[in-house]
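Dear colleague,

Please find below the structure that I am handing over to you. My notes on it follow.

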Amino acid sequence: MPGEETTKRSEAYAREHLANERTHLAYIRTAIALLSFGITLNRLSLYFLETGARAAQVESRSLLREVGGVGAGMVLLGMALIAWAAVRYLRVCRAIERGEYRPDRKSILVFTALLFLIGAASMVWLFAS
């Protein structure tokens with residue numbers, strides 16, 4: 001029946017858009033977590049620097065300054081993720097509208113490799129200091 005096929009097609013169309021929105025919201029939640037944790041690290045390290053400046057050794061104070069920088073980096077990463085999520089959402093939305101959606105394996109692999117390298121560099125920094 002022609003009406004039944006149209007209904008199935010429109011349901012599949014709606015599911016694709018809803019899945020795109022859920023993916024976008026997952027990126028936003030992750031970005032908010034990065035922003036929040038980065039701000040917390042930055043503020044907490046500044047608090048410890050200010051309150052313990054007289055009692056702390058010079059080495060531990062420099063480590064706290066570096067942690068503040070890591071917090072600022074996490075905030076920047078969170079902001080970049082928000083921008084990337086918006087671009088990705090719009091690009092996928094247009095592809096769904098045209099019926100040409102294909103998974104973007106390159107960006108997933110690049111993003112995964114980038115996060116892996118940041119994690120590896122963090123481990124080296126953590127154990128080297």
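**Contacts between the helices**

Outside its neighbours within four places in sequence, Leu41 is in contact (heavy atoms within 4.5 Å) with Val67, Val70, Gly71 and Met74. The model is predicted, so local features need pLDDT of at least 70 and side-chain atom pairs count only at pLDDT 80 or more, while totals for chains, interfaces and linings use all residues. Residues are numbered from 1 along each chain as its sequence is written, and side-chain values use heavy atoms, with hydrogens and water left out.

Leu41 is found in helix α1; helices are DSSP runs of H or I, at least four residues, numbered from the N terminus. From Leu41 to Gly69 the C-alpha distance is 8.8 Å, at a separation of 28 residues in sequence.

The largest nonpolar core (buried Ala, Val, Leu, Ile, Met, Phe, Trp, Tyr and Cys residues joined through side-chain atoms within 4.5 Å) has six residues: Tyr27, Ala31, Leu34, Met74, Leu81 and Ala85. Helices α1 and α2 each give two or more residues to this core. Here, buried means under 20% relative accessible area, exposed over 50%, and partly exposed in between, with a 1.4 Å probe and protein chains only. Ala85 also touches His24, Tyr27 and Ile28, leaving aside residues within four places in sequence.

Arg88 lies in helix α2, which spans residues 58–98. Not counting residues up to four places away in sequence, Arg88 touches Asn20, Thr23, Tyr27 and Tyr101.

Tyr47 belongs to helix α1, residues 2–51, and is partly exposed, with a relative accessible area of 48%.

With kind regards
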